[in-house]
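Reader: Please take a close look at one part of this model, the place where the two chains meet. I would like a connected account of the contacts there, with the charged pairs treated in some detail.

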There are 2 protein chains.
Amino acid sequence: MALNLSHLPIKTRSFFCNSSAQPVSAAQNASYWSSIDADINTYLKKAIPIRSPETVFEPMHHLTFAAPTTTASALCVAACELFGGNRTQALPAASAIHLIHAAAYTHDHLPLTDRPRPESKPDIQHKFNPNIELLTGDGIAPFGFELLANSVDTTHPDRILRVVIEISRASGSQGLVDGLYREKQIVDQRSRFEFIEYVSKKKYGEMHACGAASGVILAGGDEEQIQKLRNFGLYAGTVRGMIEMKSGLEKKNIAQIEKIIIKFQQLAMKEMEGFQGKNAELISSLVTEPILCPA
Amino acid sequence: MALNLSHLPIKTRSFFCNSSAQPVSAAQNASYWSSIDADINTYLKKAIPIRSPETVFEPMHHLTFAAPTTTASALCVAACELFGGNRTQALPAASAIHLIHAAAYTHDHLPLTDRPRPESKPDIQHKFNPNIELLTGDGIAPFGFELLANSVDTTHPDRILRVVIEISRASGSQGLVDGLYREKQIVDQRSRFEFIEYVSKKKYGEMHACGAASGVILAGGDEEQIQKLRNFGLYAGTVRGMIEMKSGLEKKNIAQIEKIIIKFQQLAMKEMEGFQGKNAELISSLVTEPILCPA
């Protein structure tokens with residue numbers, strides 16, 4: 001469907017569609033994010049080799065990489081680089097975010113008797129039995145905190161501690177876990193949009209907010225910068241969550257959810273207004289969804 | 001059964017039995033440990049009130065306190081006090097250890113299709129459905145890291161980070177999770193003792209080692225003191241694990257496992273040799289098991 005973006009300021013519109021007016025090309029953009037993903041992947045492969053005891057480390061290695069990547073991790077690196085930090089500083093935190101996400105993904109696909117599983121969400125292929133998958137998830141999550149606490153940046157232990165708090169909050173009962181709780185609830189149509197917004201915020205938004213804020217904290221950004229990037233992450237993650245969740249909606253409801261998506265895209269862009277340069281544009285591109293920009 | 005302890009040095013023997021020769025009485029001893037447990041409990045009750053959203057916090061509160069207390073938490077406080085630290089300094093770490101333990105306890109009792117459950121280990125009463133219990137465990141564990149990172153002792157962020165590493169290691173794939181993996185394996189009689197020793201070390205020993213080491217780190221102890229208490233915790237936790245696991249053994253095998261238990265008790269006591277005073281005796285009493293000292 002073609003969206004009417006004429007109500008948006010030109011600057012915002014350019015981020016929504018990969019038009020030629022966009023200073024950062026779609027190719028540059030894709031290459032930036034995939035280079036971050038590759039670096040996180042390399043870091044994690046080195047951190048979790050298949051070693052003894054293999055009964056423990058083989059599933060840990062496998063399930064860490066079986067989960068799809070999350071832009072919350074990449075946003076952590078990008079936000080750190082935006083404020084002059086280097087990539088190495090952000091990789092442990094970005095990897096910790098991926099590990100929390102991978103643990104949640106593993107547990108989210110555990111076969112439990114009381115889980116309604118909609119047809120639109122087919123089960124994944126399980127390489128290990130449920131007990132191993134449960135325990136591996138339990139082992140993966142704390143390992144992220146270990147990587148983080150072992151960070152190279154020992155000159156700023158206070159920043160690392162702050163990021164520990166960011167990640168534990170976003171992954172716990174006031175963030176990801178709350179989102180996953182609600183996701184399993186059966187809701188009526190009336191509250192369906194509120195439900196999608198709430199789950200998207202908790203399941204995706206909070207992790208992106210955490211990623212963005214953590215990146216700024218590690219780079220030594222000030223409180224205002226941390227807050228702006230946190231807000232950006234919350235909106236951008238919520239947008240990404242809603243885009244994922246709208247696939248299960250009936251066609252007549254899609255237009256309404258897209259209105260909410262555009263609202264959050266605008267809010268996200270507003271937070272980035274004060275920041276200039278290539279890195280700011282690359283980060284802003286996270287709220288550009290190809291699904292809203294059909295060629 | 002009456003154990004022959006005549007092969008042990010007098011000093012060691014006095015810790016094994018609550019004889020009148022023991023400077024710290026059984027009553028003082030019990031009162032010390034229960035005062036620590038009460039303080040951890042109070043700290044956690046304040047940290048996890050039943051608040052909104054209740055769908056999240058009620059199971060979190062319930063499952064945190066449904067798990068039995070672990071002496072690994074109490075040992076963290078006691079080790080901190082032994083080296084002149086105060087209780088308040090150690091409560092967040094001790095509580096984090098309890099939360100990791102409570103999350104593992106919750107997940108260990110989740111109904112999964114592939115878990116052999118021996119008759120000696122009856123299922124617990126489940127207040128919530130499996131999905132909620134799974135997610136609550138996932139929310140409880142990172143909250144421990146949040147409490148720790150938010151610790152009052154902001155003058156020593158490096159110590160807190162070290163404790164984050166201690167706790168994530170002990171709770172992850174090289175500690176508790178490994179122990180829980182192995183526990184579910186079916187072993188033949190030949191390797192039964194090695195199995196009990198291994199699982200006890202991983203499931204109980206590592207968490208006690210972590211508790212003890214963390215307490216010393218927080219109090220500002222030196223590396224030698226940290227190592228001695230870590231070793232003590234490893235042996236003491238392994239002893240406690242083996243005592244718990246031996247209940248499932250046939251009578252003819254109990255004498256053999258008790259020999260191994262005594263070996264670890266002696267090793268534990270050896271680590272405490274250099275430390276004097278009431279607190280050192282209270283800590284040493286952790287390896288005194290009433291089951292080995294029938295009146």
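Author: The model is predicted, and the rule finds 2 salt bridges across the interface of chain B and chain A. One of these joins R169(A) to E146(B), with N and O 2.8 Å apart. Beyond salt bridges, the count of residue pairs in polar contact between chain B and chain A is 6.

On chain B, the side that touches chain A draws at least two residues from each of α3 (54–66), α6 (130–149), α7 (157–171) and α8 (176–183). The most comes from α6(B), which gives 12 residues. By type, this side of chain B divides into 23 nonpolar, 14 polar and 10 charged residues.

In extent, 47 residues of chain B are in contact with 47 residues of chain A. The area buried between the two chains is about 4,100 Å², and carbon and sulfur atoms give 65% of it. L135(B), L161(B) and Y181(B) supply 16% of the area that chain B buries against chain A, more than any other three residues.

The arrangement of the copies can be stated as well. A turn of 180° with a shift of 0.0 Å along the axis lays chain B on chain A with an RMSD of 0.0 Å. The two copies are thus related as by a two-fold rotation axis. Within chain B, the residue that comes closest to this axis is P157(B), its C-alpha lying at 2.9 Å. Of the interface residues of chain B, 100% are also interface residues in chain A, so the copies meet through the same surface.

Some of the helices named above also take part in salt bridges within a chain; over all chains the structure holds 20 salt bridges. K127(A) pairs with E58(A), the closest N and O atoms being 3.1 Å apart. This pair links distant parts of the chain, since K127(A) lies in the loop between α5 (87–108) and α6 (130–149) of chain A and E58(A) in helix α3, 69 residues apart. E58(A) is partly exposed, at a relative accessible area of 29%.

A second pair is E183(A) with K203(A), at 3.0 Å between the closest N and O atoms. Here helix α8 of chain A, which holds E183(A), is linked to helix α9 (residues 192–219), which holds K203(A), and the two residues are 20 apart. E183(A) is partly exposed, with a relative accessible area of 21%, whereas K203(A) counts as buried at 14%.

Definitions and conventions. Residues are numbered from 1 along each chain as its sequence is written. Chains are lettered from A and ligands numbered from 1 in the order in which they are written. This is a predicted model: local features need pLDDT of at least 70, side-chain atom pairs count only at pLDDT 80 or more; totals for chains, interfaces and linings use all residues. Side-chain values use heavy atoms; hydrogens and water are left out. Copies are superposed by least squares on the C-alpha atoms of residues with pLDDT of at least 70 in both. Contact means heavy atoms within 4.5 Å. Buried area is the accessible area (1.4 Å probe) that two parts lose on being put together, summed over both. A salt bridge is a side-chain nitrogen of Lys or Arg within 4 Å of a carboxyl oxygen of Asp or Glu. A polar contact is a pair of N or O atoms within 3.5 Å; within protein, one must be able to donate a hydrogen and the other to accept it, and residues adjacent in sequence count only if both atoms are side-chain atoms. Helices (H or I, at least four residues) and strands (E, at least two) are DSSP runs, numbered from the N terminus. Ala, Val, Leu, Ile, Met, Phe, Trp, Tyr, Cys and Pro count as nonpolar, Asp, Glu, Lys and Arg as charged, and the others, Gly among them, as polar. Buried means under 20% relative accessible area, exposed over 50%, partly exposed in between (1.4 Å probe, protein chains only).
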